[in-house]
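Biologist: Could you give me a close look at the larger-scale wiring of one chain in this model, with its ring pairs and charged pairs? I would like one connected walk through it.

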Amino acid sequence: MPTVYASTLIPASIERVWTTIRDFNALPTWHPLIAQSRIEGYKTVDQVGCIRAFRLKDGDSIREQLLALSDFEYSLTYSILESPMPVTNYLARIQLMPLTDSNSTFAEWSAEFSCPSDQTTTLVELVEKRVFQGGLTALKERFGG
Amino acid sequence: MIKLFRSTVIDAPIADVWKILRDFNGHHKWHPAISHSYIEDEKSADQIGAIRNFTLANGGAVRERLLSLSDEDYSFRYEIVESDLPISNYRAKVQLKPITDNNQTFWIWSSSFETSPEQETEITQSISKEIYEAGFQSIRDKLSKDHRSFNAVSTHQIPNESILKAKEMVISHFGGPEVFFEKDIEIPPPRSGQVRIRQLAIGVNYIDIYCRNGSFDFIDVPAVLGFEAAGEVDMVGDGVTQFYPGQRVAYACPPPGAYASARNMNASSLVLLPEQVSIELAAGALLKGMTTEILLHRVHRLQPGQTILVYAPAGGVGHLLCQWATHIGATVIGCTSSREKIEIAKKAGCHHVIVPGATGIVSQIHELTDGRGVDVILDGVGKDSFHHSIKSLGKGGHLICYGQASGRINNWDLNQAKPKSITISSPYFYDYIDSPESLKAVSDNLFQAINQGVINVELKHKYPLVDVAKAHRLLEGRQSTGSIILSSDKVVES
């Protein structure tokens, strides 16, 4: 089962970074690949089980479900329900941790999923570099990094 | 309960930081608060439960027990067993995480403990400043010093100290064992995704002879042969996070080039050796052992009660096949060309051993199976045995042609497989270990079989690397049993 991992340092306090990350409907405000997002049904963004349906800038649509959210550990976990990618059992997690010797935050984004073996390299590259590392870089720049 | 949490960023790759921190008995080498350390009861520093006994710089003493250690997520936990400090139930964790966009390392040092309310402030300050933050700073200083001396050598060419001098055995043209000659080489630092290995033991396999004499279209001369070796990680390239220097690793895969005292290999081809498996054993067992595992568990899933015919039961792979198949609960028939090898085959677990002679293989098999034929045949012989094999199979039987020692099987009519609905497999070993996951699954299963005594790999023949010609003569003479390995002493660095 492929696993992907990306991380970065963000020059802002963990509370500020977390406020941006914890909003499950806010991807278009900081992720460069995402155009639009909405929460399905009448759920709130911090209701575990809620589903976000978003559209990528290239026109594709993805639905993801919030599986866990912790203000205590600064982490959230979600799964993909539908996407144009040939992945199954996709489980991803974002985790923040404070740096105690500077006013910065360590952010990591990881996932594991199943896919046809001949697609592994392409999908790992896409998810790890473009989606995760690309997203973290945008987040870092948003906070002046 | 008090909880402490301190974190920092170290400007070095995670493998470099982890190499220092992982040594549970090495903290006195870098931490200013500790002047001496030893591990009690002669345990090793990475043995869970090991107790380190510190003498502190201020004269005090602390004993700490290792509770967990993970090379997979770069962390360890420990607890204080005894100390002069007014604290109890102290448990701490050291955790590293890679920062993937700049190759730095995020380091967390956290703990929980109890103390009296009057002493809480002082103790909390003391541990977080004098232990955690002072530790962060010493590692930062130590690594930047190492880094500066590394850069000082040259900014234009590879620094001398990162080149490893080694020896390799080259063939200049195809031919007999006399074609080998010795060559001094310099191994550059590993490229991205690679690992540089000091190869302390090298496996010699029959496929190496086919490469040497040119009967296998696998190499262009001049070339270095060999598909199997084991040793220690010397250096890792960019992006390699699963290995670090000093670890014991092995591989069994193309490209050829194992006959050398050091080599760069792709990290994805390497397996980490468990503690119980020695470097020499790994070099003698990995290729034949993984072949055996794949044949009996993946190409065919052998079931208890099945009858299996194994050619050359005293040979390298044959010997392991017989042992493992017996353990699974199959009835094993060995077929050997010489009477002297009957005993070896029986010792490997063969229930019956046949020697083709006046009565051929087929009639002996039919006699032993009451005319039914066998369920599975593992045939590494090829041309000479193929037709006997087809006739010896029972209904729905499976012929696995995993080698062609006697030559290629040509011009065969597929309709001959029909009357008994037989299956013929022609497996390519490396297809079964071409991803890190599958390589790990196969090698884990092999190491478990070795540890549990399911198979016994005999290391009877060991030659120095420079005497590889002698090893080839022995193997080619078909007089050897068990594995042949070459040993290479550690080469002195420049």
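Modeller: Happy to. Among the contacts in chain B between residues at least 6 apart in sequence, 62% join residues at least 24 apart. Please keep in mind that this is a predicted model. For chain A, the corresponding share of contacts joining residues at least 24 apart is 49%.

Here is the setting for that figure. Chain B contains 10 helices and 23 strands. Of its 494 residues, 51% count as buried. The surface that chain B exposes is about 22,900 Å², with carbon and sulfur atoms supplying 48% of it.

Now to the aromatic rings. Over all chains, the structure holds 23 aromatic pairs. One of them joins Trp18(B) and Tyr74(B), edge-to-face, at 5.9 Å centre to centre and with 90° between the planes. This pair links distant parts of the chain: Trp18(B) sits in helix α1 (residues 14–21) of chain B, while Tyr74(B) is in the loop between β4 (61–70) and β5 (75–83), 56 residues apart. Trp18(B) and Tyr74(B) are both buried. A second edge-to-face pair is formed by Tyr428(B) and Tyr430(B), at 5.4 Å centre to centre and 75° between the planes. Here the burial is mixed: Tyr430(B) is buried, because its relative accessible area is 13%, under the cut-off of 20%. Tyr428(B), in contrast, counts as partly exposed at 41% relative accessibility.

The pair of Trp18(B) and Tyr74(B) also belongs to a wider arrangement. Ring pairs link Trp18(B), Phe24(B), Tyr74(B), Phe76(B), Tyr78(B), Tyr90(B) and Phe113(B) into a cluster. Tyr78(B), one of the members of that cluster, has a charged neighbour as well: Arg52(B) lies over the face of Tyr78(B), at 5.1 Å from the ring centre. In chain A, Arg52(A) lies over the face of Phe24(A), at 3.9 Å from the ring centre.

Back to Tyr428(B), which is found in the loop between β21 (423–425) and α9 (436–451) of chain B. Together with Phe216(B) and Phe218(B), Tyr428(B) makes a nonpolar surface patch of about 260 Å².

Just before those two phenylalanines in the numbering comes helix α3 (residues 206–213) of chain B, whose buried residues are Asp208(B), Ile209(B), Tyr210(B), Cys211(B) and Arg212(B). These buried residues pack against β8 (164–171), β9 (180–187), β10 (194–204) and α10 (468–476) of chain B. After α3(B) comes Gly214(B), with a positive phi, near 85°.

Strand β10, one of the packing partners of α3(B), brings us to the charged pairs. Over all chains, a search finds 29 salt bridges. In one of them, Arg196(B) pairs with Asp234(B), and the closest N and O atoms are 2.6 Å apart. Arg196(B) lies in strand β10 and Asp234(B) in strand β12 (residues 228–236), so this salt bridge ties together parts of chain B that are 38 residues apart in sequence. Arg196(B) and Asp234(B) are both buried.

Another salt bridge joins Lys462(B) to Glu280(B), with 2.7 Å between the closest N and O atoms. This pair links distant parts of the chain, with Lys462(B) in strand β22 (residues 459–464) and Glu280(B) in helix α4 (residues 279–299) of chain B, 182 residues apart. Lys462(B) is partly exposed, at 48% relative accessibility, and Glu280(B) is partly exposed too, with a relative accessible area of 28%.

A local case completes the walk. Asp444(B) forms a salt bridge with Lys440(B), the closest N and O atoms being 2.6 Å apart. Asp444(B) and Lys440(B) are separated by about one helical turn, because they are 4 residues apart in helix α9 of chain B. The general rule is that an α-helix has 3.6 residues a turn, so residues three or four places apart point the same way. Asp444(B) itself is partly exposed, with a relative accessible area of 37%.

Key
Residues numbered from 1 in each chain as written. Chains lettered and ligands numbered in written order. Predicted model: local features only at pLDDT ≥ 70, side-chain atom pairs only at ≥ 80, totals over all residues. Heavy atoms only, no water. Buried < 20%, exposed > 50% of the residue type's maximum accessible area, 1.4 Å probe, protein only. Contact = heavy atoms within 4.5 Å. Patch = residues over 30% accessible without salt bridge, like charges linked within 9 Å, V, L, I, M, F, W, Y side chains within 5 Å. Areas by Shrake-Rupley, 256 points an atom, 1.4 Å probe, with all protein chains shown as cover. Salt bridge = Lys/Arg side-chain N within 4 Å of Asp/Glu carboxyl O. Phe/Tyr/Trp six-rings, centres within 6.5 Å; stacked < 30°, edge-to-face > 60°. Lys NZ or Arg CZ within 6 Å of the ring centre and 35° of its normal.
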